[in-house]
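Please look at the sequence and the model shown here before reading on. The text below goes through strand pairing first and charged side chains second.

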Amino acid sequence: MDHVRDTLQAGVGTITLDHPERRNALSADLVGAVIAALERFEAAKARVVILRAQQGARVWSAGHDVGELPESRRDPLGWDDPLRHLVRRIELFPAPVIAMIEGTVWGGATETVFACDLIVATPDASFAVTPAKLGVPYNVSGMLTFLNAGSLRAVKELAFTARPMGAARAEQLGIVNYVVPADEIEAFTAELAGGIAALAPLSIAVMKEQLRILAGAHPMSPQGFERIQGLRRVVYDSHDYREGIRAFKEKRAPQFRGE
Ligand code: YXS
(Lines give C-alpha, C1' and ligand atoms only; values in the text may rest on other atoms or scores of the structure.)
Protein backbone atom coordinates (compact mmCIF):
# COMPACT_ATOMS: atom_id res chain seq x y z
CA MET A 1 0.00 0.00 0.00
CA ASP A 2 1.40 3.45 -0.90
CA HIS A 3 -0.92 5.71 1.07
CA VAL A 4 -0.40 8.46 -1.54
CA ARG A 5 -2.70 9.73 -4.30
CA ASP A 6 -1.50 11.78 -7.25
CA THR A 7 -3.04 13.63 -10.19
CA LEU A 8 -1.60 15.66 -13.08
CA GLN A 9 -3.74 18.26 -14.87
CA ALA A 10 -2.78 21.17 -17.11
CA GLY A 11 0.83 20.96 -16.02
CA VAL A 12 -0.03 20.97 -12.30
CA GLY A 13 0.84 17.81 -10.38
CA THR A 14 -0.81 17.16 -7.02
CA ILE A 15 0.46 14.62 -4.48
CA THR A 16 -1.82 13.88 -1.53
CA LEU A 17 -0.52 12.07 1.56
CA ASP A 18 -3.28 9.69 2.59
CA HIS A 19 -2.31 7.42 5.51
CA PRO A 20 -4.40 8.93 8.33
CA GLU A 21 -4.11 5.83 10.53
CA ARG A 22 -0.39 6.57 10.88
CA ARG A 23 -0.86 10.35 10.68
CA ASN A 24 0.91 10.35 7.30
CA ALA A 25 4.19 9.30 8.97
CA LEU A 26 7.02 9.37 6.42
CA SER A 27 7.54 5.62 6.18
CA ALA A 28 9.80 4.19 3.47
CA ASP A 29 6.66 3.07 1.59
CA LEU A 30 4.95 6.46 1.72
CA VAL A 31 8.17 8.31 0.82
CA GLY A 32 8.79 5.88 -2.04
CA ALA A 33 5.33 6.60 -3.42
CA VAL A 34 5.84 10.38 -3.21
CA ILE A 35 9.19 10.07 -5.01
CA ALA A 36 7.65 7.83 -7.69
CA ALA A 37 4.94 10.44 -8.29
CA LEU A 38 7.57 13.19 -8.59
CA GLU A 39 9.46 11.06 -11.14
CA ARG A 40 6.28 10.57 -13.18
CA PHE A 41 5.59 14.31 -13.01
CA GLU A 42 9.15 15.12 -14.13
CA ALA A 43 8.83 12.74 -17.10
CA ALA A 44 5.52 14.43 -17.99
CA LYS A 45 7.18 17.86 -17.73
CA ALA A 46 4.86 19.11 -14.99
CA ARG A 47 5.25 22.87 -14.52
CA VAL A 48 4.49 22.88 -10.77
CA VAL A 49 3.67 20.38 -7.99
CA ILE A 50 1.38 20.75 -4.99
CA LEU A 51 2.27 18.52 -2.01
CA ARG A 52 -0.65 18.21 0.43
CA ALA A 53 -2.43 15.96 2.89
CA GLN A 54 -6.01 14.74 2.70
CA GLN A 55 -8.57 17.58 2.84
CA GLY A 56 -9.15 18.84 6.38
CA ALA A 57 -6.27 16.80 7.81
CA ARG A 58 -5.63 17.50 11.52
CA VAL A 59 -2.11 16.15 11.06
CA TRP A 60 -0.36 16.94 7.76
CA SER A 61 2.42 14.50 8.67
CA ALA A 62 3.78 13.15 11.95
CA GLY A 63 7.30 13.11 10.54
CA HIS A 64 9.78 10.28 10.13
CA ASP A 65 8.24 6.89 10.91
CA VAL A 66 9.72 6.34 14.37
CA GLY A 67 9.27 2.61 13.92
CA GLU A 68 11.80 2.77 11.08
CA LEU A 69 14.48 4.60 13.07
CA PRO A 70 17.41 2.41 14.18
CA GLU A 71 17.30 1.64 17.93
CA SER A 72 20.97 2.66 18.38
CA ARG A 73 24.53 2.57 17.07
CA ARG A 74 23.56 3.55 13.53
CA ASP A 75 23.11 6.99 12.02
CA PRO A 76 19.31 7.51 12.03
CA LEU A 77 19.46 10.06 9.21
CA GLY A 78 22.18 8.80 6.91
CA TRP A 79 22.45 9.60 3.21
CA ASP A 80 20.20 6.69 2.21
CA ASP A 81 17.45 7.29 4.76
CA PRO A 82 14.07 7.69 2.95
CA LEU A 83 13.64 11.19 4.41
CA ARG A 84 16.99 12.26 2.98
CA HIS A 85 16.00 10.94 -0.45
CA LEU A 86 12.69 12.82 -0.25
CA VAL A 87 14.24 16.17 0.66
CA ARG A 88 16.84 15.87 -2.12
CA ARG A 89 14.17 14.87 -4.66
CA ILE A 90 12.07 17.92 -3.85
CA GLU A 91 15.10 20.22 -4.03
CA LEU A 92 16.20 18.73 -7.38
CA PHE A 93 12.71 18.64 -8.93
CA PRO A 94 13.01 20.99 -11.96
CA ALA A 95 9.87 22.98 -11.14
CA PRO A 96 8.41 24.66 -8.04
CA VAL A 97 6.95 22.39 -5.34
CA ILE A 98 4.27 24.12 -3.26
CA ALA A 99 3.54 22.70 0.20
CA MET A 100 -0.16 23.18 0.99
CA ILE A 101 -0.50 22.73 4.74
CA GLU A 102 -3.61 21.88 6.74
CA GLY A 103 -2.96 20.50 10.21
CA THR A 104 0.20 19.96 12.21
CA VAL A 105 3.61 19.13 10.79
CA TRP A 106 6.27 17.28 12.83
CA GLY A 107 9.98 16.53 12.70
CA GLY A 108 11.24 15.29 9.36
CA ALA A 109 7.95 16.37 7.77
CA THR A 110 8.72 19.95 8.82
CA GLU A 111 12.04 19.66 7.03
CA THR A 112 10.27 18.20 4.00
CA VAL A 113 7.85 21.15 3.93
CA PHE A 114 10.67 23.65 4.43
CA ALA A 115 12.52 22.04 1.50
CA CYS A 116 9.54 22.90 -0.71
CA ASP A 117 9.74 26.11 -2.71
CA LEU A 118 6.58 27.81 -1.44
CA ILE A 119 4.44 27.15 1.65
CA VAL A 120 0.72 27.94 1.86
CA ALA A 121 -0.84 27.16 5.25
CA THR A 122 -4.15 27.48 7.04
CA PRO A 123 -4.23 29.63 10.21
CA ASP A 124 -4.31 26.58 12.52
CA ALA A 125 -1.38 24.85 10.81
CA SER A 126 1.81 24.47 12.84
CA PHE A 127 5.37 23.27 12.38
CA ALA A 128 7.48 21.44 14.99
CA VAL A 129 11.16 20.50 14.85
CA THR A 130 11.39 17.48 17.16
CA PRO A 131 14.91 15.95 17.38
CA ALA A 132 15.24 17.24 20.97
CA LYS A 133 12.01 15.44 21.93
CA LEU A 134 13.40 12.10 20.80
CA GLY A 135 17.13 12.54 21.40
CA VAL A 136 17.88 12.40 17.67
CA PRO A 137 21.10 13.95 16.29
CA TYR A 138 19.73 15.68 13.22
CA ASN A 139 22.03 15.63 10.18
CA VAL A 140 23.98 18.54 8.68
CA SER A 141 22.10 18.93 5.39
CA GLY A 142 18.84 18.74 7.34
CA MET A 143 19.91 21.59 9.59
CA LEU A 144 20.82 23.54 6.44
CA THR A 145 17.28 22.99 5.12
CA PHE A 146 15.96 24.62 8.28
CA LEU A 147 18.52 27.43 8.10
CA ASN A 148 17.59 28.17 4.49
CA ALA A 149 13.93 28.41 5.49
CA GLY A 150 14.22 30.81 8.42
CA SER A 151 16.59 32.97 10.40
CA LEU A 152 19.16 31.39 12.73
CA ARG A 153 17.12 32.71 15.67
CA ALA A 154 13.90 31.14 14.36
CA VAL A 155 15.65 27.80 13.72
CA LYS A 156 17.11 27.82 17.25
CA GLU A 157 13.63 28.50 18.68
CA LEU A 158 12.16 25.61 16.70
CA ALA A 159 15.04 23.20 17.42
CA PHE A 160 15.70 24.02 21.08
CA THR A 161 12.06 24.23 22.24
CA ALA A 162 10.64 21.47 19.97
CA ARG A 163 7.38 23.40 20.32
CA PRO A 164 5.00 23.75 17.33
CA MET A 165 5.25 27.17 15.67
CA GLY A 166 1.89 28.50 14.43
CA ALA A 167 1.36 29.51 10.81
CA ALA A 168 0.93 33.23 11.57
CA ARG A 169 4.26 33.38 13.43
CA ALA A 170 5.94 31.33 10.73
CA GLU A 171 4.61 33.78 8.13
CA GLN A 172 5.78 36.74 10.24
CA LEU A 173 9.26 35.14 10.31
CA GLY A 174 9.28 34.69 6.54
CA ILE A 175 9.09 30.88 6.67
CA VAL A 176 5.51 30.57 5.33
CA ASN A 177 4.56 32.47 2.16
CA TYR A 178 0.78 32.71 2.65
CA VAL A 179 -1.69 31.99 5.46
CA VAL A 180 -5.12 31.31 3.93
CA PRO A 181 -8.43 30.30 5.55
CA ALA A 182 -9.16 26.56 5.31
CA ASP A 183 -12.21 27.07 3.07
CA GLU A 184 -10.11 29.08 0.59
CA ILE A 185 -6.73 27.31 0.62
CA GLU A 186 -7.43 24.82 -2.18
CA ALA A 187 -8.61 27.50 -4.63
CA PHE A 188 -5.82 29.86 -3.55
CA THR A 189 -3.12 27.22 -4.05
CA ALA A 190 -4.60 26.11 -7.39
CA GLU A 191 -4.58 29.71 -8.62
CA LEU A 192 -0.98 30.19 -7.43
CA ALA A 193 0.07 26.96 -9.14
CA GLY A 194 -1.82 27.83 -12.33
CA GLY A 195 -0.05 31.17 -12.54
CA ILE A 196 3.36 29.50 -12.22
CA ALA A 197 2.41 26.83 -14.78
CA ALA A 198 1.71 29.59 -17.34
CA LEU A 199 5.23 31.05 -17.06
CA ALA A 200 8.45 29.99 -18.82
CA PRO A 201 9.39 26.58 -17.34
CA LEU A 202 13.03 26.57 -18.44
CA SER A 203 13.63 29.98 -16.86
CA ILE A 204 12.01 28.89 -13.59
CA ALA A 205 13.89 25.58 -13.58
CA VAL A 206 17.30 27.24 -13.96
CA MET A 207 16.48 29.84 -11.27
CA LYS A 208 15.38 27.06 -8.90
CA GLU A 209 18.66 25.17 -9.52
CA GLN A 210 20.76 28.32 -9.11
CA LEU A 211 19.05 29.05 -5.79
CA ARG A 212 19.57 25.42 -4.65
CA ILE A 213 23.30 25.58 -5.42
CA LEU A 214 23.73 29.03 -3.88
CA ALA A 215 21.72 28.11 -0.76
CA GLY A 216 23.87 24.99 -0.31
CA ALA A 217 27.19 26.76 -0.86
CA HIS A 218 28.62 26.68 2.66
CA PRO A 219 32.33 26.04 3.24
CA MET A 220 32.95 23.18 5.68
CA SER A 221 36.41 21.72 6.21
CA PRO A 222 36.90 17.92 6.25
CA GLN A 223 37.89 18.32 9.90
CA GLY A 224 34.70 20.29 10.58
CA PHE A 225 32.56 17.60 8.95
CA GLU A 226 34.36 14.81 10.81
CA ARG A 227 33.92 16.67 14.09
CA ILE A 228 30.16 16.98 13.50
CA GLN A 229 29.87 13.31 12.56
CA GLY A 230 31.80 12.33 15.67
CA LEU A 231 29.52 14.45 17.86
CA ARG A 232 26.43 12.95 16.14
CA ARG A 233 27.73 9.43 16.77
CA VAL A 234 28.01 10.16 20.49
CA VAL A 235 24.32 11.13 20.40
CA TYR A 236 22.98 8.17 18.43
CA ASP A 237 25.09 5.81 20.59
CA SER A 238 23.71 7.44 23.75
CA HIS A 239 21.29 6.25 26.40
CA ASP A 240 19.13 9.28 25.62
CA TYR A 241 18.67 8.33 21.95
CA ARG A 242 17.64 4.80 22.90
CA GLU A 243 15.39 6.20 25.64
CA GLY A 244 13.71 8.69 23.28
CA ILE A 245 12.82 6.02 20.74
CA ARG A 246 11.70 3.54 23.43
CA ALA A 247 9.58 6.15 25.25
CA PHE A 248 7.81 7.05 22.00
CA LYS A 249 7.00 3.40 21.31
CA GLU A 250 5.86 2.87 24.92
CA LYS A 251 3.77 6.07 24.72
CA ARG A 252 5.39 7.62 27.80
CA ALA A 253 7.50 10.69 28.55
CA PRO A 254 11.23 10.08 28.06
CA GLN A 255 13.67 10.45 30.99
CA PHE A 256 16.80 12.01 29.48
CA ARG A 257 20.06 11.73 31.48
CA GLY A 258 22.44 13.66 29.23
CA GLU A 259 24.44 10.50 28.50
O1 YXS B 1 -0.59 3.42 18.47
P2 YXS B 1 -1.04 3.22 17.03
O3 YXS B 1 -0.56 1.94 16.43
O4 YXS B 1 -2.49 3.51 16.85
O5 YXS B 1 -0.27 4.38 16.16
C6 YXS B 1 -0.43 5.73 16.54
C7 YXS B 1 0.96 6.35 16.58
O8 YXS B 1 1.94 5.47 17.13
C9 YXS B 1 1.22 6.52 15.10
N10 YXS B 1 2.22 7.57 14.85
C11 YXS B 1 3.45 7.33 14.36
N12 YXS B 1 4.04 6.18 13.98
C13 YXS B 1 5.32 6.27 13.54
N14 YXS B 1 6.01 7.44 13.46
C15 YXS B 1 5.43 8.60 13.83
N16 YXS B 1 6.13 9.74 13.70
C17 YXS B 1 4.10 8.58 14.32
N18 YXS B 1 3.23 9.51 14.79
C19 YXS B 1 2.10 8.87 15.10
O20 YXS B 1 -0.01 6.92 14.54
C21 YXS B 1 -1.10 6.43 15.36
C22 YXS B 1 -1.96 7.58 15.79
O23 YXS B 1 -1.12 8.41 16.58
P24 YXS B 1 -1.72 9.19 17.83
O25 YXS B 1 -2.69 8.30 18.56
O26 YXS B 1 -0.59 9.75 18.59
O27 YXS B 1 -2.54 10.36 17.08
P28 YXS B 1 -2.99 11.78 17.68
O29 YXS B 1 -3.91 12.33 16.68
O30 YXS B 1 -3.43 11.62 19.10
O31 YXS B 1 -1.66 12.65 17.72
C32 YXS B 1 -1.07 13.05 16.48
C33 YXS B 1 0.38 13.51 16.78
C34 YXS B 1 1.08 13.78 15.46
C35 YXS B 1 0.34 14.78 17.66
C36 YXS B 1 1.08 12.37 17.55
O37 YXS B 1 0.95 11.16 16.81
C38 YXS B 1 2.56 12.64 17.69
O39 YXS B 1 2.97 13.45 18.53
N40 YXS B 1 3.35 11.96 16.82
C41 YXS B 1 4.81 12.13 16.85
C42 YXS B 1 5.23 13.49 16.28
C43 YXS B 1 6.76 13.53 16.30
O44 YXS B 1 7.37 13.73 17.35
N45 YXS B 1 7.35 13.26 15.17
C46 YXS B 1 8.83 13.20 15.00
C47 YXS B 1 9.16 11.80 14.42
S48 YXS B 1 10.91 11.57 14.37
C49 YXS B 1 11.42 12.64 13.12
O50 YXS B 1 10.64 13.12 12.34
C51 YXS B 1 12.88 12.93 13.02
C52 YXS B 1 13.75 11.74 13.17
S53 YXS B 1 13.31 14.18 14.19
O54 YXS B 1 12.55 13.85 15.39
O55 YXS B 1 14.71 14.11 14.40
O56 YXS B 1 12.88 15.42 13.60
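What follows describes a hairpin, a sheet with a helix across it, and several salt bridges.

The model is predicted, so local features need pLDDT of at least 70 and side-chain atom pairs count only at pLDDT 80 or more, while totals for chains, interfaces and linings use all residues. Residues are numbered from 1 along each chain as its sequence is written, and side-chain values use heavy atoms, with hydrogens and water left out.

Helices (H or I, at least four residues) and strands (E, at least two) are DSSP runs, numbered from the N terminus. Two strands pair if DSSP finds at least two bridges between them. Near the start of the numbering, β1 (residues 4-9) and β2 (residues 12-17) are antiparallel partners joined over six bridges. Gln-9 stands opposite Val-12 of β2. Two residues separate the strands of this hairpin, and Ala-10 in the turn has a positive phi of about 50 degrees.

A second element is an open sheet of four strands in the order β4-β6-β8-β9, with mixed pairing. Its edge strands, β4 (59-61) and β9 (165-166), each pair on one side only. Within the sheet, β6 and β8 (residues 126-128) run parallel and share three bridges. Trp-106 has Ala-128 in β8 as its bridge partner. Helix α3 (residues 108-115) lies across β4, β6 and β8, at about 105 degrees to β6; contact here means heavy atoms within 4.5 Å, and axes are lines fitted to C-alpha atoms, for helices over the stretch in contact, with angles from 0 to 180 degrees between N-to-C directions.

Which charged side chains pair? A salt bridge is a side-chain nitrogen of Lys or Arg within 4 Å of a carboxyl oxygen of Asp or Glu, and the whole structure holds 17 of them. One joins Arg-52 to Glu-102, at 3.6 Å from N to O. This pair links distant parts of the chain, with Arg-52 in β3 (residues 48-53) and Glu-102 in the loop between β5 (97-101) and β6 (104-106), 50 residues apart. Buried means under 20% relative accessible area, exposed over 50%, and partly exposed in between (1.4 Å probe, protein chains only). Arg-52 is buried at 10%, and Glu-102 is buried at 8%.

Another salt bridge lies within helix α9 (residues 201-215), where Glu-209 and Arg-212 are three residues apart, about one turn of the helix. Their closest N and O atoms are 2.7 Å apart. Glu-209 is partly exposed at 28%, and Arg-212 is partly exposed at 31%. Glu-39, Glu-42 and Arg-89 are linked in a salt-bridge network.
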